[in-house]
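Work through the exercises below with the model open beside you, and try each task before reading the solution under it.

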Amino acid sequence: MYQKMQEERERYKMFDRGGSRDYWAYTICAGCYGHCSVRIRVQDGVLTYIETVPDSDLGGHGGICGKGAATILDFYDPNRVNYPLKRTGKKGIGEDPKFVRISWEEALDEIAQNMKEARDTNPLKVVWAFTPGHGTGLKATQSQGGFMTCFGSPNMALGGPGCQCGAVAHHLGALVHASWDILPDYRYNNFLLRCGGNEGMGGGRIAMTSARLFADARARGQTTWCMDPLGYVASAAKSKDWIPILPGTDSAVFLAIVNIIIYEIGQFDDYFIRHKTNAPYLIDVQTGLFMRDEGEYNVLYDESDQKIKPYNDETLTHPALEGEFTYNGKTVRPCFVEIEEHVRDYTPEWAERESTVPAKKIRQIAQKLIDEAQIGSTINIEGVDVPYRPAGLCAYKGSQGHQNGFHQHATMYLINSLLGNQDVAGGILGEGTVRSLGHPETGRPQFAPYGTTDGMVTPAVWHTRTPWPPRDVNMEGPKFVSFLDVLADATFSPYPYCEDWEKVWTNAGRPYEPEIFYGYGGNILRNLGNRQIAANFMDKMRFTWYITTTINDTVEAYADIVLPECHNYESLELWSSLGFFFSYPIGMDDWTWHVRMPAVPPQYERRDGMDIQLDLAERIGFRDLYNEWIDTYFAVRESTWEQEDAEDIGQRSHSKRDKWPIVAPDEDIPWKEICNRGLQHHMNRDLDWFVENGFRAWKKRPEECYWRYQVTCRVPVYYEHHLHTYPNLKQKCEELDWNLDLRHWSALPSYYRPLMYEPASGEPEDFRDSEYDLITVTHRDSLHAHATTSENPWIDEMSKTNPYSYNWMMHHDYAQKKGIEDGDWIVVENHAGDQAPGRVKLTWLIHYNCIGAVGLGTWSKFRPVGRDKGIRYNELLRGNCRNFCSLTGSFEDSARVRAYKVEGEKLRSVLDKEGYEKLKEELFA
């Protein structure tokens, strides 16, 4: 093993420029998962300066955010994991792991032995999790998925933001934009209603690219309004107008806007609705199901010749949106009629009562969207005429992070469909890369979305399971601890970290007992709701191993073996280069192909995560399958975890292909050579060229950016497939005694008040009249990327002077009513008695009935800078069947709570109970 490590070190020496004492290294930032291009100055082997690449469109054209600038300190964190470690102490929260240094040989032997035993009996006994963020980058998101499906276990149990981040946004982003998510076309957008999310303000995806584009848009006069419970977040602070709203009620406002557009304004993009959505599809009036012809194609009524035709009929010219017809003896009508009738009662006055957004303001928003959308207009971009719709709505975590998350975003997408602004100039674009015609030299990578089942748009590349066509419920399941084979539409799930997991698993007959946990950077205890509930599942694992850069809360509590991962600035990977769904420049910015490359070769005994996984795949006995998966992914033949039936990939035989452009199944080549071949295949340049030149760029074509009218496909405004899934899911829930909220499985985008607003026993009907009269809200702080950044001394120093990073935020008038003053210590408590203490900062920039926090609290002794800093927000979130969206798996990110002041011995008692050891010592020294 020592010899193998030496060989790795020799291969990576090329990245120090032959021992040069002063050079610039090109790579990709590690401050968040935004993946900005950077170049780092290295002097005498020390990283001394960092900036985004001035002539690359991936980033801030030289400017870098505070997180990015501070990443150099992360690299030199004295608490980094530098050697393989083994636990000799007890497991559990607060226990001393008593890690001891061991050899790589011993560490890999123990991991391989445990993994082999599971694979030989039932590979699903191995559960895995990742974090696509700080420390592991995008590579964990993709490489671990491939590694584990080839091993034979697609048994993913999220360990990062996942179901608390983008479960809805990614699901609907795929169904409507064939993309991971959405962002506005800043270059041409004139009016944006932002509803949660800090994209364009130094947070979120392609962070500094978005910030640069948004700054340019504002300079030319673009207007943004922000509808958000929080007015102090950057997205609201940089907006012209802040509109406070109760959490989880956005869909009430959105449906009222649809009502106004249809019934008061009477104007929308008629052509888009007829030809680019499923609104004209005929449904059976009795059942709500689509009508189909003999070939099982959806049918429409063509007004031009008054005939009913399949949606793909070449003679179809003017599909009807109104009317009632007879087809095969049944009364049918376009589903758009259902939408019109459905929204009739969703008036602005009703929406005001639900959301607290004034009806007058809702009408103003609707009129502004229609006025600014310039429906019917075109614009010439580089000689190509494309539709021009410079207005729209955009949202992310805030509005989708609720138990009604799907309908929150589906109603927003309905408005954008009415505006006809999807993937056209000035409108709302799919984030990342949706269509590529390839580099001029190679023609690669080349892909495009396409219409598949029911003519619906389907992504060309996707990193998890393909979201369309929809799956059905596995009536023999659940087989996965996440229950994702039963939750037919969901890609993410808060299970198994839920208080009712044990009951449901038992009712399912306990198909097997999960035994082994493999984590790649994921911090289960801190990221997935209440830590004790998550710990209840982790207690079941007989063996836990991790690849990580630092010891987080979960590693401290449960890891048996810890493998030291390279920091991103000593790591080599192509996952970011091929992460089309994620972080590429949007709009008409240039294509820019960057590579994450080491600024300096790996130090101590740290190893690149892919070197580790390739080594383990060989030891366990599936290196050939993993090679094949990597080749398929990197050649962009099928960029999903599934590739070929993920459930059986560990047992299947090889494909019969004879061409392997990246790596053949029987090849034993190192990771560096795999990356080299990938670059040559797509870019006609090798790794040496990228070391010296940094990146390749070429002009994006309007047909690639604004592809909506270039591709034959439609998007859903009526989600008929929910009606097919519902009966089976209802039956399965009855079998499992699983009390999911199944109201949401409707075809029509609707309003369902989040269950947190329902009164508990003995409470008044209106939550505002009860003792628990506050709704918690967590937001993305532009200073931070997950909780990992709280360990960075520079960011910690900035956070101490920023009132919004480490404190609870409460409305000034509400605090006055409760006798709470600025700077007091308070306890925020949910109905279950879970508590999250912290100092309070008073502000007028928050909804009166909300209390906000970033949620950074960490408690690991191995994180001395960040330990006990900020609010342990997730302690208030209890995972169970009532607190997530059963359609998408989105975790309810808010809780109904009460807040009260504590001081003196009562404060000491609270801190002692919640395990704030360091903080208690500082306050009561």
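The exercises that follow treat a helix, several salt bridges and some backbone angles.

The model is a predicted one, in which local features need pLDDT of at least 70 and side-chain atom pairs count only at pLDDT 80 or more, while totals for chains, interfaces and linings use all residues. Residues are numbered from 1 along each chain as its sequence is written, and side-chain values use heavy atoms, with hydrogens and water left out.

**Exercise 1. Helix 3**

Compare the expected span of helix 3 with the distance between its end C-alpha atoms, and then list the residues of helix 3 that are buried.

Step 1. Helices are DSSP runs of H or I with at least four residues, strands are runs of E with at least two, and both are numbered from the N terminus; the expected span of a helix is 1.5 Å times one less than its number of residues.

Step 2. Helix 3 covers residues 104-121, and its 18 residues should therefore span 26 Å, which agrees with the 26 Å that separates its end C-alpha atoms.

Step 3. Buried means under 20% relative accessible area, exposed means over 50%, and partly exposed lies in between, with a 1.4 Å probe and protein chains only. By this criterion the buried residues of helix 3 are Trp104, Ala107, Leu108, Ile111, Ala112, Asn114, Met115, Ala118 and Arg119.

Step 4. For reading such a list, recall that an α-helix has 3.6 residues a turn, so residues three or four places apart point the same way.

**Exercise 2. The salt bridges of Glu570**

Find the salt bridges that Glu570 forms with Arg80 and with Arg606, and state which parts of the chain each pair links.

Step 1. A salt bridge is a side-chain nitrogen of Lys or Arg within 4 Å of a carboxyl oxygen of Asp or Glu, and a search of the whole structure finds 70 of them.

Step 2. Glu570 meets Arg80 at an N to O distance of 2.9 Å. Since Glu570 lies in the loop between strand 26 (561-564) and strand 27 (591-594), and Arg80 in the loop between helix 2 (66-75) and strand 4 (85-86), the pair ties together parts that are 490 residues apart in sequence.

Step 3. Glu570 also forms a salt bridge with Arg606, again at 2.9 Å from N to O; Arg606 sits in the loop between strand 27 and helix 19 (609-620), 36 residues away from Glu570.

Step 4. Glu570 counts as buried because its relative accessibility is 0%, Arg606 is buried with a relative accessible area of 3%, and Arg80 is buried too.

**Exercise 3. Asp824 and Lys901**

Is each partner in the salt bridge between Asp824 and Lys901 buried, partly exposed or exposed?

Step 1. The closest N and O atoms of Asp824 and Lys901 are 3.4 Å apart. Asp824 is in the loop between helix 26 (812-818) and strand 31 (825-830) and Lys901 is in strand 34 (residues 896-901), so the pair ties together parts 77 residues apart in sequence.

Step 2. Asp824 is buried, with a relative accessible area of 14%, whereas Lys901, at 34% relative accessibility, counts as partly exposed.

**Exercise 4. Backbone angles**

Locate the cis peptide bond that ends at Pro478, and describe phi and accessibility for Arg17 and Glu382.

Step 1. The bond from Gly477 to Pro478 is cis, with omega near 5°, and Pro478 lies in the loop between strand 23 (457-458) and helix 15 (501-507).

Step 2. Arg17 has a positive phi near 55° and counts as buried at 18% relative accessibility; Glu382 has a positive phi of about 50° but is exposed, with a relative accessible area of 57%.
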